[in-house]
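Me: I am new to this structure and would like a close look at one part of it. Please keep the sentences short and connect that part to what lies around it.

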Amino acid sequence: MPGQTLFDKIWDRHVIADLGDGYALLHISRHLMHDGGGRGLQAIKDAGYRVRNPDLTFATFDHVISTEPGRTHETLKPYAARLYHMRDEARRWGIKLFDLGQPGQGIVHVMGPEQGVTLPGTLLVCGDSHTCTHGGMGAIAFGVGATEVIHVLATQSLVQPKPKRMRVTFDGKRAPGVTPKDMILHLIGQIGAAGGTGYAVEYAGSAIRDMEVEGRLTVCNLSIELGAKIGMVAPDDVTFKFLEGRPYAPKGALWNQAVADWRTLASDPDAVFDAEVRVDVNKIVPQITWGTSPEHVIPVTDRIPDPAATTDPDKQKAWQAALDYMGLKAGTPIQETRVDWVFIGSCTNSRMSDLRDAAQIARGRKVAGHVRAWVVPGSENIKRMAEAEGLDRVFLDAGFEWREPGCSMCLAVNGDTIAPGERSVSTSNRNFVGRQGPGGRTHLASPAMAAAAAIAGHIADVRALDRRSI
Amino acid sequence: MEAFTVLDAKAAPLMRQNVNTDIIIPIHRLRDVAQADLGPYAFEPWRYLPDGSENPEFFLHQPAYRGAEIVVADNNFACGSSREGAVWAMMGMGVRCVIAPSFGPIFFNNCFQNGVLPIQLPRADVLAIADELEAATRPGSNSEPRLSIDLHNRTVTTPSGRKIEFQIDGIRRDALLKGLNEVALTLTRENEIAAHQAKARAATPWLYPAS
Ligand code: SF4
């Protein structure tokens, strides 16, 4: 019998009952909640259910809150009622809620790993598609819908079909200026936004092993943009070092026992995957999206693609529609594209390493006069750490705005939006039509690339900026 | 949940790849509008012109397709965000069934939670169905752009009377046919859940900090 994959090992541990047809009733070892999904607790109340395991659910505010500096509960209007309700219900059930201004508050996918809530070997769900982020810790983590959230709250379990398994092996070394974000955007460009549909993806290879936890979280974050609900990385010493001492990570003897167990969580050498993809990391250059799907991505050195260059008529139509929406001309070097906004933040790229990357580019430079640039740290803790390091000063001196933690302009449901027709370079994960505000145009890139665009006033190659100032 | 057994209804092709749930329902509508009232905002970015009037090019505004209860879509339909509002908004405009070569995985699950049937077929079949629907709308055609879905027998019947079989997981089919509530069903397994959790607490005690 062939060996087991990492995915299989964690899945098997959580099977309560085999329901046939490849479906299982799964135990949920971690459940996370955010303010965008607050209706779950209301629904529990309406249906007269009880929250089965409040000790395994952790909540925070991130989606609908304002990130305006100096925000108070008053500035949360008109959504304050929803937040107050969620706070009351969490307290009533005994669910830990990381409230505004408290350490732990932040984007739900930043909070989990940061607090040690997300642990290797867990099966973690949240009513948000980027829950795949947590797979970077060596967990099976996936997003669920609103009704599934109710199911989890009421039963601490979920009915799921077992996905197929894919392994993506990233071998080689990243060149200077190339980040984990560029690796995953490159992969999506190669296999498409549906390339991972139906799979749980394990990221492996030397470039993943060499990567810090934060980078692995970024890679896993975009799994859903690959069509895969689940992305994961086997836990290793890098993971354990990251976790040790975090508030909700095990301590003392339990910690040693946990690490010994976590060391068994890797795909066996003879494990068989349903699909294998190999990526040569040496060849990857900084990436930028040009269209309205994450698969519309090119090296920053390229020209904007010409629909005539593809023979697939469906692609031709899609590319033309994307160019029209984005207000771009085929054949023009993408670096000639002028930008109005730069957004550095989101569950993809708002952690310390991201802010340091961006600050390195911003230090001693100025944001172009016509650009508004925001830095939105992923959590209250990151905000405090960055301020202790003086990163906020670097950004403010360069002309960036330094905001309060939250999802902000990643989904623009909190008052943080760009205007119709405006163009942004964003470190988030979706360049969908209207994602950053109706009619807004989004180019996805790494934090360093976003900072470079802010300084240059147009899409720019961070590698050029590194060597000379402009 | 309303049961799904057979559906004979107008069907409309939306042959674009990677249609995402941000298009199906913009986030600010989800924030501001009650679940039952989302219908008018389904596909909002495509559906209206800048002045707020109906976009006549929008697939469901074409007279032949208006009121369609079945949508025929292309690869990776409803990818992206987990928002169940995408299903609610489509239900709000009367849709009960979506046929596509592949779906966003979270949307696919969300359909079953709401009595909406997502049918996965090989792309060649989906394209052929879309072609037949379009042909049925042409002047002089003697058929209508309708499909007949039979969940019992797992068939789609096209305007020309061709029957195409589809696969669906038994557990999902059963739940749809009977309109079962999954939470209520799982609650009857409380003993198994408790037994599993007791075992897990013993084997991996570090996962249970509060106990
Ligand atoms: S930062 Fe963006 S992608 Fe991440 S959870 Fe918030 S809204 Fe979703």
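Is helix H5 (residues 105-113) of chain B largely enclosed by the rest of the structure or largely open, and why?

Reply: This is a predicted model. In it, helix H5 of chain B is largely enclosed by the rest of the structure, because 8 of its 9 residues are buried. A residue counts as buried when its relative accessible area is under 20%. The buried residues begin with B:Pro105, B:Ile106 and B:Phe107. B:Asn109 and B:Asn110 are buried too. B:Cys111, B:Phe112 and B:Gln113 complete the list. After H5(B) comes B:Gly115. The phi of B:Gly115 is positive, near 75 degrees.

Now look elsewhere in chain B. B:Arg29 is found in helix H2, residues 27-32. B:Arg29 counts as partly exposed, because its relative accessibility is 23%. Its contacts, leaving aside neighbours within four places in sequence, are B:Leu38, B:Tyr41 and B:Glu44. B:Ser81 is 52 residues away from B:Arg29 in sequence. In space the two are 14 Å apart, C-alpha to C-alpha.

Chain B also meets chain A. Here 56 residues of chain B are in contact with 65 residues of chain A. The area buried between the two chains is about 4,900 Å². Carbon and sulfur atoms give 57% of that area. On the chain A side, A:Tyr23, A:Arg39 and A:Arg52 supply 11% of the area that chain A buries against chain B, more than any other three residues. There are 4 salt bridges between the chains. One salt bridge joins the side chains of A:Asp314 and B:Arg123, at 2.7 Å from N to O.

Next, the cysteines. The structure holds 0 disulfides over all chains. A disulfide is a covalent bond between the sulfur atoms of two cysteines. For A:Cys126, the closest cysteine sulfur is in A:Cys347, and at 9.9 Å it is too far for a bond. A:Cys126 is buried, at 0% relative accessible area. A:Cys220 has its closest cysteine sulfur in A:Cys132, at 7.4 Å, again too far for a bond. A:Cys220 is also buried, with 0% relative accessibility.

A:Cys347 turns up once more, in the shell around the ligand. That shell also includes A:Cys407 and A:Cys410. Among the other residues there are A:His63, A:His109 and A:His130. A:Asp128 and A:Arg435 belong to the shell as well. By type, the shell divides into 5 nonpolar, 5 polar and 2 charged residues.

Terms used: Residues are numbered from 1 along each chain as its sequence is written. Chains are lettered from A and ligands numbered from 1 in the order in which they are written. This is a predicted model: local features need pLDDT of at least 70, side-chain atom pairs count only at pLDDT 80 or more; totals for chains, interfaces and linings use all residues. Side-chain values use heavy atoms; hydrogens and water are left out. A residue is near a molecule or strand if one of its heavy atoms lies within 4 Å of it. Ala, Val, Leu, Ile, Met, Phe, Trp, Tyr, Cys and Pro count as nonpolar, Asp, Glu, Lys and Arg as charged, and the others, Gly among them, as polar. A disulfide is a pair of cysteine sulfur atoms within 2.5 Å. Buried means under 20% relative accessible area, exposed over 50%, partly exposed in between (1.4 Å probe, protein chains only). Helices (H or I, at least four residues) and strands (E, at least two) are DSSP runs, numbered from the N terminus. Contact means heavy atoms within 4.5 Å. Buried area is the accessible area (1.4 Å probe) that two parts lose on being put together, summed over both.
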